[in-house]
Each structure stands twice: as C-alpha cells, then as structure tokens.
Amino acid sequence: MAQTTIAISSDFLTAFSKLPRKAQGKVTEFMNKFRNNPRSSGINFEKIHDAMDNKIHSVRIDDTYRGIVARQKETGVYLLLWVDHHDDAYDWARRKKCEINRHTGNVQVYDVEYSTVEEKKPAPETGLFIHVKENDLLELGVPSEQIEMVKRIETPEELYDLASKIPEDAFEGLEWIVNGFPVQEVIDLMSVERKEEKTQDFTEALQKPRSQKSFVIVEGEEELREIMAAPLEKWRVFLHPTQRAVVEREFNGPARVLGGAGTGKTVVAMHRAKWLASQMKEKQKILFTTFTANLADDIKNNLRSICKPSEQKRIEVVHLDGWVTRFLREQDYDYTIVYDDKLAEIWQEAIDTAVIDVDLSPEFFAEEWSKVVNAQEAYTKSQYLKASRVGRGTRLDRKKRMEVWKVFEEYQNLMKENRYRDIETAMHECRKILERTPERMKYQSIIVDEGQDFGMPAYRLLRALAGKEHQNDLFIVGDAHQRIYKNKPVLSRAGINIRGRSSYLKINYRTTEEIRKFAFGMLKGIEFDDLDEGNDDGRTYQSLTHGELPVVKNFKDAREEIDFLTSKLKELTESGVDLRNICIVARTHKLLKDYIGELNNAGFRTYEIKRSKIDDRALEGVRVATMHRVKGLEFQQVFVVAANNRIIPLTAAIDQEDPVAREDARTAEKCLLYVALTRAQEATYITSYGTASEFL
Ligand SMILES: Nc1ncnc2c1ncn2[C@@H]1O[C@H](COP(=O)(O)OP(=O)(O)OP(=O)(O)O)[C@@H](O)[C@H]1O
C-alpha cells in the first residue's frame, strides 16, 4: 500500500473560512480524523456518480456538510478541494476536474462543464486571446479542454467571471496578457521553475512550486491546526513560484529582491528567514532588520505564526536604530542618539557659533553632513575637502567648503560636549567597534526589509555585521518607489555586491489593479533606482484583484470634508465594514490630531498608529495615522485626507535651498502619497478642501 499524502487546496481554505464557526469546528475535527486515516470507515468516502472526474469523491463532515476530495489511488494522495452544504458541495464537484497539467506538470483544479456545453462554433475575431497560439495557451497552463472556451473570451470582464473555472495559474497568465504583456514574456514569467521531466504522479507533482501556490501538504497535527486557525492568511502557506524561487535558493553572496507595493516582499523576507533558520547549525543566528520600529514588531508577530520555536529562536528581529542603540549601550558607550528637533537645534547652534562667510540653512548643513560626510565617512577636514559632492545641487568651491567645514567642526564639538550622536555617526562607530573586534558575534545571515530607506552607513554596518561575503549572507528587499526618508543607498559602494543575484516580484497581492494603477500614476516621469547603480521602472507589476477606481473629492472647506468622511464611515459600518479595517491618513501629525478630535466628536472611536506600537486589531476604533506611519501596513479602505495645496507636497518639506535636495523632497512627497494609497486592499478615497494638491 502506497504511503498516504494529504494536501489542502487554497480554495478549500477559502470555502472553510465562509462556514459558520460551529461547522468550522466540525470540519477541523474531521480533518484530524482524516489525517490519521483517510481510509477509515467513519470518513464515508463516496464516489460522486455523475462527476466528470472519477478521482473526485465526497466525505461526510456531519448531517449538513460535505467535503470534496480528489484521490489518486495508486499514489495514496488525497487532495481536500472544497467544503460546503451537501447539495452545493456536490454541485461544485460535478463540474470539476483535478489533473496534472501535461505541459506544466503542476496539479490543477478546473471546470469542464463549459467545454462540453459550448457549441462548437468558431471563436470570434474579437476574442481577447485570438492572437495567442494554441500551443502558447497550453504552455501557459490552460487545460486542453478549456482552449475553446478561452478563445471565445471577448472582454476582461468575461475573463474575470471565469476566474473560478480556469486553473488559478493559467488564469494569472491570461490576466497578464489582457494587461498588455507580450505572450512570450508571460510564458517565461510563468515557467520560472519549470523542470523538463513531466509526471503523472500526484506526489511528485505536488512538489512543484507551481502546485505549491495552490496546495499545501499537511505534515503534522500541529501544522494542520495552525493552517485551519487562520484559513485566510494564505501568505503563511502558499507562495507564488516567483516568491518561492527566492525564498528557497542558495545564494553565493548578497541577494536583492525588488517589487512594487504589495508584491509580498515582507512575506518573502519572512519565509526566507524561516527557511534559513530551518537549516542552520547550532549557535548560528539571523538578524532580520527593518527601518521602522512598528514594522519590526509586526514582523516579529508574523514570524511567530510561521516558525517552529526552534526556528524562531535563531531569528532576531529589530529595527536597525534599535539594534545600534542596544549594541552601543552594551559597549558602555556614553552617548545618546538624537533625532529631528534636537538635531535641528544643534545645527542652528553650530551655525551661530562658527564665524563663517557663507549663508546656508541648517537643513543644508544637515543634508551635507548626511549625504557627503556620513555617506563617504569623510570625518576630517582633508577628507571632506576631497569628498565627492555628486548628487548635491549647490556648488561649493574649495573656499566655501572650508567655511562649511567650520560648522561641521562646531557640530562635532557640540555633539561631543552634550554626549550626543546622530544615528549615522553612531552606525559608523558600531562598525569601527566590530572591525576592532572581529571575533565578536556576527550574524550568519542578515535579512533587510524596507531596504530603500537605509543609507550608506547602515549598509556598511550590515556588511560588517554579516562578516566577509559568504553564502546567504545578506538578503535585501526594497522598493525605491516607496522611499520616504532621505537616504539613498548604492549597495555596491557599501561593499555589497548583488550582481547576478537580483530578482523582481511582479504580482501585487494587496490592492486592486485600479488602485495600483492610480497610485503608480503619481510617480510618472520620475526615475527610480534599484538600490544599486541601475534603475527600476516598476513596469512589470500587476494586481490580482479588481474594484472601483479611487474616489477623488474636493470640498469647499474642512467642515464639508469632515461631513463627507463621517457620513462615509457611517455608510461603511452599516454595510458591515469593521472600523478597524479603515485607516484615515494625513500628511502631518498636527492635522491628524484635528481629525481625531472631529471623529471623536462625531461619535467614532479612533486608534492612532504610532511609531513603536503595532496596529493591534484586537482594539476597537477607526485607524488614524500619518503617511509615514502607514508604511508596510494594510487596510481594507484608506482615506487620504487634507490632500490640499501646500500640504501635499508639504511646503516645509520641499522648502530646500539646494535644487537637487528640493527635487528629491518633492519626489519623496509623491512617494508618500503612493505609499498611503497602496495600503488599501479594496478602496481609497482622496479628499481635499480649498485648493487640492497639485499632485492630483
Ligand atoms: N503568496 C501569497 N499568498 C497570499 N497572499 C500574499 C502572498 N504574498 C503576499 N501576500 C499578501 O499580500 C500583501 C502584501 O504583502 P507584503 O506586505 O509582504 O508586501 P510588500 O511588498 O512588503 O508590501 P509594501 O512594500 O507595500 O509594504 C499582504 O496582505 C500579504 O499577506
């Protein structure tokens, strides 16, 4: 007797999630029984007589519910495909086939009724896929029985209506084509993991990454319990082949993964951490680091839900500033790291103290310090005088540079006197300590999320922390389109060579295609880097879902805007949307406070998302956050409010005397809007009053 393999499909989990809680309990109970012995008599494993596929059977959950299972007898594979009321489950099952695709080698579930009832008339000239050769459709994974049906599709809407009937992977390929991508490019994308040998053995076919996008093999009781506990958190179980290809790969050195908003970069980074941890030797450790503190906490929680305790204990998750502060404290380093307002005060004092012959603003000095001194470690006068100023817009001749240096000298003195450090100088000092003590603890692997926001000192520190280049040393995910802080890294200049180890994620799992396109439109005409020396045009990128276009509204005054907002919130709650899944996003904290006041007055409880606190969805209230704080998060509905002139872009942020810095700041403001809009899963509203933002 062949060994038994039990796998659950993604669709089964979706169907399961829709059952009443009591029925879910029964299904879970059944699943345990089934896992122990699918052949036991209590399972009531029955053939469905008029089913198209003789592998498809029903199983009895209770008097009301039935599960649908495909069995390949010879291999002992059981695939749990669906669960529903008796009649509905049978209806679903009758039309289905579960097969290994002859061309792609993966397991597919699809509808065959259409191909038998359709009249055999020629496909219309206007068919969306009339230009695609039959062989190419087969290569994309369209089952031969569905070729005729696909050729008859005339509009994108017709294609979307067939989503549940076409195999998931083939549907994805067809959607890429509808969105204008060349057929060959789509075939290449879809066959990322294609192996030549084809199989008719379900056990083998389930191992293909393309099958693992839709099926998970149940290994043990604990794993089954966890899958069933959060059936809609598909990211924990099903990875896209393009995601799996970077998660489970041995890289000979640093690797970089780019991808637009919502393409699963964080998901990939987390699975990568788990995968590395699962094969690590005793005492080896992984550092998983991000730019923002609240995201690090989120990641910590999510890792807990996918990792075994033995894996978890090898992964340290901390935002890099937090790591630096802790490390320096452990070294008895007697300095406090200071930010924004405090730093601005020190710069002003340094300018006031130094007697200089140039008229430049505190912002100029701060930027020059970061972009030239810290970026190139030009900490002495002679180094600064020689340092490259490429990327700075204000020209400084040697004489002016010497004047600027006087302020830098004062700045360094003041920082020393007050026992202060800016974070980038602190990172530099961490690295120096590490270099002096090479035997000190290093990380076997480092994973970086939000890689676009780290600067050069951060990457040099990470390079030092990972030690000499080695297998799987650094794994960096990021997206320059979401750069909202001032840093701009060039990995190669920090000693991180990713050549030949670079990938793109192309599917947006979060937002609708309509929101994605609208948000991406904000960035039109801007050139973005790839965190290294190349560009990233973000072009090959699409969403899996569709919905309404973003709603853009301008009001006479703030009162009218808030009335719209509160009436919309009422409408949404009445239609069943939970306020916890809605986020109101404003450009500044001051504005946010006004909205919180207004919302509270109107009877809405609010929950503000803060810097170092996760968005705890157990707590009630409509979410409110600044644009910076929503980075990395997601909500069903997003309202970007006060999208007014002088607020987006924020005058204070773009008011820079250096022309390059000013242009960068304008780009960062657009990126902020892009980030805010792409947090939405289903709908976005952008409201303004008075004169609307010039970006709209
Ligand atoms: N393989 C997958 N299956 C199902 N859902 C997925 C998958 N990969 C990602 N997702 C979902 O897509 C959404 C976006 O994922 P994630 O936050 O990792 O993307 P990201 O690229 O890091 O986004 P951003 O850069 O916008 O912060 C999340 O809801 C995540 O659960």
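**Around the ligand and its neighbours**

Gly260 has a relative accessibility of 12%, and because buried means under 20%, this glycine counts as buried. The model in which we find Gly260 is a predicted one, and in it this residue sits in the loop between β9 and α14. Leaving aside residues up to four places away in sequence, Gly260 touches Lys265, Asp479, Gln482, Leu505, Tyr541 and Tyr674.

One step back along the chain we come to Gly259, which belongs to strand β9, made of residues 255-259. With a relative accessible area of 3%, Gly259 is buried as well. If residues up to four places away in sequence are again left out, the contacts of Gly259 are Lys265, Gly478, Asp479 and Leu505. Both glycines also appear in a record: the "binding site" annotation of an unreviewed UniProt entry covers Gly259, Gly260, Ala261, Gly262, Thr263, Gly264, Lys265 and Thr266.

Which residues, then, come nearest to the ligand in this model? There are 20 residues around the ligand, and of these Phe238, Gln243, Lys265, Glu634 and Arg679 come nearest. Sorted by character, the shell around the ligand holds six nonpolar, nine polar and five charged residues.

Some of the contacts with the ligand can be followed atom by atom. In the side chain of Gln243, an N or O atom is 2.8 Å from a nitrogen atom of the ligand, while a polar backbone atom of Gly264 is 3.0 Å from an oxygen atom of the ligand. Gln482, which we met as a contact of Gly260, has a polar side-chain atom 2.8 Å from an oxygen atom of the ligand. Taken alone, the ligand would expose 630 Å², and the protein buries 87% of that area. Two elements, α14 (265-278) and β17 (507-512), each give two or more residues to the shell around the ligand, and α14 gives the most, with three residues.

The last stop on this walk is Arg463, which is found in helix α23, spanning residues 456-466. Is Arg463 buried or exposed? At 11% relative accessibility Arg463 falls under the 20% limit, so this charged residue counts as buried. A polar atom of the Arg463 side chain lies 2.8 Å from the backbone oxygen of Gly467. When residues up to four places away in sequence are not counted, Arg463 touches Pro254, Lys468, Glu469, Asp473, Leu474, Ala494, Gly495 and Ile496.

Methods: Residues numbered from 1 in each chain as written. Predicted model: local features only at pLDDT ≥ 70, side-chain atom pairs only at ≥ 80, totals over all residues. Heavy atoms only, no water. Helix = DSSP H or I, 4+ residues; strand = E, 2+ residues; numbered from the N terminus. Buried < 20%, exposed > 50% of the residue type's maximum accessible area, 1.4 Å probe, protein only. Polar contact = N/O pair within 3.5 Å; in protein donor to acceptor, adjacent residues only side chain to side chain. Contact = heavy atoms within 4.5 Å. Near = heavy atom within 4 Å. Areas by Shrake-Rupley, 256 points an atom, 1.4 Å probe, with all protein chains shown as cover. UniProt positions renumbered as here; feature names shortened; annotations may be inferred.
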